[in-house]
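Here is a short set of exercises with worked solutions. Grab your viewer and try each task before you read on.

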Amino acid sequence: MWRDHLTEIIVFSLLFLLVSGMGFVAARWRAPKDMAHLDEWGLGGRSFGGWITWFLVGGDLYTAYTFVAVPALMFGAGAAGFFAVPYTIVIYPLVFLVLIRLWSVSHRHGFVTPADFVRKRFDSPVLALLIAITGIVATMPYIALQLVGIEAVLKTMGVTGDNALARHLPIIIAFAILAAYTYQSGLRAPALIAFVKDSLIYIVILVAVIYLPYKLGGWGDIFAAADAKFDASPNPNDGILLNGNNQLQYVTLAFGSALALFLYPHSITGVLASRNRDVIKRNMSALPAYSLLLGLIALLGYMAIAAGVKPLPGAKEGTVDSNTVVPLLFDQQFPDWFAGVAYAAIGIGALVPAAIMSIAAANLFTRNIYKEYLKRDASPAQEANVSKITSLVVKVGAVACIVFLDPQFSIDLQLIGGVIILQTLPAVALGLYTRWFHRAGLIAGWAVGMGLGMWMLYQVASPTRKHFGGSAFPLSEFGFDTTKTIYVGIVAVVVNLAVAALVTLAVRAAKVAEGVDGTTADDYFADEGDPRVTPGTDRDADSAREPVA
Amino acid sequence: MAAPEPEAPTTAPARAKDHSPWNWLLFIPIVVPLVPAFFNGDSPRVFGFPRFYWLQLAFILLGVGTTTLVYQMTKKRGGR
């Protein structure tokens, strides 16, 4: 009953209202002369310094869903869920040199999306369209999943209704407010709110990892409880350590997820909003602070085991909603007011990434579909306007996914999203380094990688489902005599690369036109203060070159 | 959209800025956390944490240390 949780609900609502207010005020924060430009609305004026970028990108990558789902995975499967830690360690050295090249070339040419870059680099609107659609499709379910994070909290507070509409009313209201201030303030809103969100999460987690082990008898007892639970379960692949079968999956999933993360449009939006190359490089050393946080949050799953948490029932009869284990743990162990703070941290934690993701998806639509195919001569003000409206549509779509469809559908789509976004790696990430690939090769590789990835995901069964049961593909399906599993995305992207290379050689031998590379080697090293190439006018080496500090 | 490619005056120093032998160090925090043989074990325990957990958390320091070192060693090149 919700009345038992009144204190929690009041604290949650107050904090929620506070950040909503901040969201609207954000339009005036670091206010530009002219908000009617995609650089302002969609990238915060490309002016964020080290601290803002740290909060923004941290709040963007480590989402509410992550904070709810990773401990839920630890609760259910044990060590396999800890892949999030190596994943978020290898990511930063991996992209350390790549992102600064992307930032430079985007700064020089005014790119807003990864597809903008591909369009210019490979002179191919078709390839750019494929990249843009892949990005939108991968991002949409991710937004919907943020709602799953909020719902887990609302459910624990007893805020449920008799019918679908009443049950979902709180998140519909929450998303309507979010949509309104994102519309008005653009990327400045999540950037400002991220300060509150991350401060709350750091406080909650620090308290949790000190106070809860003290209450539950120490870390030794917590791990012992988890070990006992997995020993008793019939599943051979759970446990507090990995076994021979899932090590390859663990490592390839961590590596594949790391490769995919900065291909997501919302990650790139956060990166492009930073002021210069230095800000990005420094953040590559500072962002792992969030990885530590994530590692500690993952262990909340074991604390829930030790505390004897029983997850709430799921949407269907006889299922459990394991996403509720962390909210339940807080409800059980913390005083009401602090549980309210913790819930607010998760709830607000959903808003920041949801806002950035909807902005990123809207930018992709505006730049790579609207401007490319519908209105070639769109002015910057029109672009900003289309993006603002699209961001509303995207959010309505995300809410509709959760209200009208089984949330499991969004979870499946997000699983697929990670695999398909990885298929943009050859064009976007390798494209930053080499133009060796032919645009036809990249398109062919993309198509084969997508097809293979989808087929493999379809083949994966889990104890409860026949298809789309996870991303761990049994190698025996390929005819290998083994019980080992591997991450689908890695296999798909390797095949994608092989096809892209072969087709490149073939079409080059057939002398198919390659298109003109619109970027120069120098573009990849440009920094703050270097001149921009303005659209419509060819570059002029001498004029407009600002002095370099 | 064929942009001519003039010789930009900043080409040489700018290029030199990204290329550095220090960058090779970045491979260490990419490879080490992906070798299960290092961390997939229970002993020794630290504060009750099995090795699997404390060592992987410690790899975060490896990552931070390496990227910080590379950043510091490469930032002043190119005469900026």
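For sorting residues, Ala, Val, Leu, Ile, Met, Phe, Trp, Tyr, Cys and Pro count as nonpolar, Asp, Glu, Lys and Arg as charged, and the others, Gly among them, as polar. The model is predicted, so to speak of local features takes pLDDT of at least 70 and side-chain atom pairs count only at pLDDT 80 or more, while totals for chains, interfaces and linings use all residues. Residues are numbered from 1 along each chain as its sequence is written, chains are lettered from A and ligands numbered from 1 in the order in which they are written, and side-chain values use heavy atoms, with hydrogens and water left out.

**Exercise 1. Describe the lining of the second largest cavity.**

Step 1: set the rule. On a 1 Å grid over the protein atoms alone, a cavity is a set of points where a 1.4 Å probe fits but cannot get out, and lining residues have an atom within 4 Å of a point. Points are joined across faces, edges and corners, and the volume is the space filled by probe spheres set on them.

Step 2: list the lining. T53(A), V57(A), F262(A), V271(A), S274(A), I280(A), N283(A), M284(A) and L287(A) do the job. Helix 3 (50–61) and helix 13 (277–286) of chain A each give two or more of these residues, and helix 13 gives the most, with 3 residues. Helices here are DSSP runs (H or I, at least four residues), strands are E runs of at least two, and both are numbered from the N terminus.

Step 3: sort it. You get 6 nonpolar, 3 polar and no charged residues, around a volume of about 50 Å³.

**Exercise 2. Do the same for the largest cavity.**

Step 1: get the volume, which is about 90 Å³. The model has 4 cavities of 30 Å³ or more.

Step 2: find the contributors. Helix 9 (188–216), helix 14 (288–306), helix 15 (325–333) and helix 16 (336–374) of chain A each supply at least two lining residues. Among the lining residues are F67(A), I201(A), F330(A) and I346(A).

Step 3: sort again. The lining comes out as 11 nonpolar, no polar and no charged.

**Exercise 3. Which side chains does R108(A) pair with in salt bridges?**

Step 1: fix the cut-off. A salt bridge is a side-chain nitrogen of Lys or Arg within 4 Å of a carboxyl oxygen of Asp or Glu. The whole structure has 17 of them over all chains.

Step 2: check the partners. D522(A) meets R108(A) at 3.7 Å, N to O. D522(A) sits in the segment after helix 21 (488–509) and R108(A) in helix 5 (residues 84–109) of chain A, so the pair ties together parts 414 residues apart in sequence. D523(A) also bridges to R108(A), with the closest N and O atoms 2.8 Å apart.

Step 3: look at burial (buried is under 20% relative accessible area, exposed over 50%, partly exposed in between, with a 1.4 Å probe and protein chains only). R108(A) is buried at 3%, and D523(A) is buried at 0%.

**Exercise 4. How far is R439(A) from the nearest side chain of opposite charge?**

Step 1: assign charges. Lys and Arg count as positive and Asp and Glu as negative, with His and the chain ends not counted.

Step 2: locate the residue. R439(A) is in helix 20 (residues 439–459) of chain A. It is buried yet has no salt bridge, and D123(A) is the nearest opposite charge, 4.2 Å away.

Step 3: try the backbone. A polar atom of the R439(A) side chain lies 2.7 Å from the backbone oxygen of D123(A) and 3.4 Å from that of A513(A).

**Exercise 5. Where do the backbone oddities fall?**

Step 1: recall the norm. Most residues other than glycine have a negative phi, and most peptide bonds are trans.

Step 2: collect the exceptions. The bond from S43(B) to P44(B) is cis, with omega near -5 degrees. R46(A) has a positive phi of about 50 degrees, as does F47(B).

Step 3: place them. P44(B) lies in the loop between helix 3 (36–39) and helix 4 (51–74) of chain B, and F47(B) lies in the loop between helix 3 and helix 4 of chain B. R46(A) lies in the loop between helix 2 (38–43) and helix 3 of chain A. R46(A) is buried at 8%, whereas F47(B) is exposed at 74%.

Methods: On a 1 Å grid over the protein atoms alone, a cavity is a set of points where a 1.4 Å probe fits but cannot get out, and a pocket is an open set with protein on both sides within 12 Å along at least five of seven lines; lining residues have an atom within 4 Å of a point. A polar contact is a pair of N or O atoms within 3.5 Å; within protein, one must be able to donate a hydrogen and the other to accept it, and residues adjacent in sequence count only if both atoms are side-chain atoms.
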